[in-house]
Amino acid sequence: PAARGVPFAPLPQLGLEWEGEWHRLDRRLCAELGAFDLFAEPVALAAFSVVERGHAFELGVENGRVHFDVKESEQLYLNDVPSQTTEPELVRWLDRECRQVEIAQPVMLRWLLAVVQHLQRDRGLTLTALVRSRYPLAEALRRDIERRRENAVVLGFQQALPGLAALPVAQDSFRHTFSFHPDRYAGRPPYYAGRYRFGKHYSGNDRIHDLRERTEVGKQLGEEFLCARAIDMEPRVRHWVRNVERDERFSFWLPVASGYFYPDFVAELTDGRVLVVEYKGSHLIDASRTKVQIGHQWEVTSGGHGLFLMATAPDDDPHRRDVARQIADKIDKQ
């Protein structure tokens with residue numbers, strides 16, 4: 001279908017009304033709702049330390065002969081040598097290494113200066129030690145910024161959760177819906193290469209992302225393959241997509257506190273509705289409760305346009321249904 005330019009039905013995205021407008025709930029908005037601010041907590045960099053590693057050679061001349069001694073590098077007191085790099089120069093270098101799009105440069109510079117001064121004043125590190133360790137320091141700073149951002153995202157998501165709803169498909173569809181573009185499938189090789197021929201995959205049988213017909217252990221048919229085959233064989237499915245994880249531009253996702261949740265399969269039905277299927281084995285069902293909750297919220301607020309199914313093996317289904325029956329029963333739901 002993608003090669004023929006057949007459009008894929010739009011999927012409503014979860015969002016909320018904020019400041020009088022509907023907004024898709026992405027990480028940026030969660031961070032904003034959670035008041036992401038570098039100065040929201042005390043300046044600290046507990047994960048950073050200066051550790052000398054390796055050996056150094058001390059050379060000298062005695063009685064006309066060159067001699068050398070092997071010393072541990074910390075015995076040379078290199079960090080006590082005055083630095084030719086000034087504090088502002090180090091801060092500007094760190095700013096180039098740690099720059100963030102959503103953090104204004106004056107704020108970043110002020111925070112970096114506060115960290116550098118804290119490390120010298122409260123941790124007893126010399127400016128020379130910080131200059132010599134500037135690359136590990138920059139990495140520690142980036143990790144600390146990301147940690148602070150993640151805390152704000154989780155807080156923002158928790159605050160937004162009660163008001164989350166599927167954004168109306170008919171209202172400003174470019175902003176409020178997602179569609180699989182015929183030329184922008186995010187699948188990556190190695191593609192599916194099994195014997196069963198899928199007839200309804202949106203990008204064709206030869207471009208199905210990360211799907212194996214058989215498991216490597218025991219060579220049994222894979223559970224996700226069985227789910228994909230059941231979707232492909234369901235007569236009320238027009239076409240479907242193997243959704244690609246960790247590609248927020250070209251894949252369908254739902255927001256969760258830890259970031260984005262990418263369901264395994266998305267299908268367009270012959271009646272225009274869309275079916276989103278996540279498959280989970282027995283060992284992952286308990287860990288997927290948040291996904292079930294957010295998927296259910298997406299379904300009930302979609303105005304009947306979207307269906308969400310957490311598919312499982314028959315032994316884990318309360319009614320002992322196989323995956324094909326679970327899919328059929330979900331589609332039967334009006």
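Two strands count as paired if DSSP finds at least two bridges between them. The exercises below apply this to a predicted model, and each solution goes step by step.

**Exercise 1. Work out in what order the strands of the open four-stranded sheet lie, and how strand 12 is joined to its neighbours.**

Start with the sheet as a whole: it is open, its four strands follow the order 8-11-12-13, and the pairing is mixed. The edges are formed by strand 8 (237–242) and strand 13 (306–311), each of which pairs on one side only. Averaged over the sheet and with direction ignored, neighbouring strands are turned by 20° against each other.

Next, take the two sides of strand 12 in turn. On one side, strand 11 (residues 265–269) and strand 12 (residues 274–279) run antiparallel and are joined by four bridges, with V266 having V276 of strand 12 as its bridge partner. On the other side, six bridges join strand 12 to strand 13, and these two strands run parallel; here V277 has L309 of strand 13 as its bridge partner.

**Exercise 2. Decide whether strand 13 is enclosed or open to the outside, and describe what packs on the sheet.**

First consider burial, for which the cut-off is a relative accessible area under 20%. Six of the six residues of strand 13 are buried, and therefore the strand is largely enclosed by the rest of the structure. Looking at the faces separately, G306, F308 and M310 are buried on one side, while L307, L309 and A311 are buried on the other, so that both faces are covered.

Then turn to helix 9 (residues 323–332), which packs on the sheet by touching strand 11, strand 12 and strand 13, its direction making about 155° with that of strand 13. The buried residues of helix 9 are V323, Q326, I327, A328, K330 and I331. These buried residues pack against helix 7 (223–233) and helix 8 (289–300) as well as against strand 11, strand 12 and strand 13.

**Exercise 3. Describe how helix 3 and helix 5 pack, and which residues make the contact.**

Begin with the geometry: helix 3 (residues 105–121) and helix 5 (residues 134–160) pack at an angle of about 120°, their axes being 12 Å apart. Because of this angle, helix 3 is oblique to helix 5. The crossing in which helix 3 passes helix 5 is right-handed.

Now list the residues: helix 3 contributes M108, W111, L112, V115 and L119, and helix 5 contributes L137, L141, D144, I145 and R148. Sorted by class, the contact has eight nonpolar residues, no polar ones and two charged ones.

**Exercise 4. Place the loop residues F252 and S133, and decide whether each is buried or exposed.**

Take F252 first, which lies in the loop between strand 8 and strand 9 (254–256). Its relative accessible area is 0%, and so F252 is buried. Residues up to four places away in sequence aside, its contacts include L11, P12, F178, F180 and W298, and also V266 and V276, the bridge partners met in the first exercise. Although F252 and V266 are 14 residues apart along the chain, their C-alpha atoms are separated by 8.1 Å.

For S133, the position is the loop between helix 4 (127–132) and helix 5. S133 counts as buried because its relative accessibility is 13%. Once its neighbours within four places in sequence are left aside, S133 is in contact with F48 and V50.

Terms used: Residues are numbered from 1 along each chain as its sequence is written. This is a predicted model: local features need pLDDT of at least 70, side-chain atom pairs count only at pLDDT 80 or more; totals for chains, interfaces and linings use all residues. Side-chain values use heavy atoms; hydrogens and water are left out. Axes are lines fitted to C-alpha atoms, for helices over the stretch in contact, and angles run from 0 to 180 degrees between N-to-C directions. Contact means heavy atoms within 4.5 Å. Angles under 35 degrees count as roughly parallel, over 145 as roughly antiparallel, 65 to 115 as roughly perpendicular and the rest as oblique. A crossing is left-handed if the near helix is turned anticlockwise from the far one by less than a right angle, and right-handed if clockwise. Ala, Val, Leu, Ile, Met, Phe, Trp, Tyr, Cys and Pro count as nonpolar, Asp, Glu, Lys and Arg as charged, and the others, Gly among them, as polar. Buried means under 20% relative accessible area, exposed over 50%, partly exposed in between (1.4 Å probe, protein chains only).
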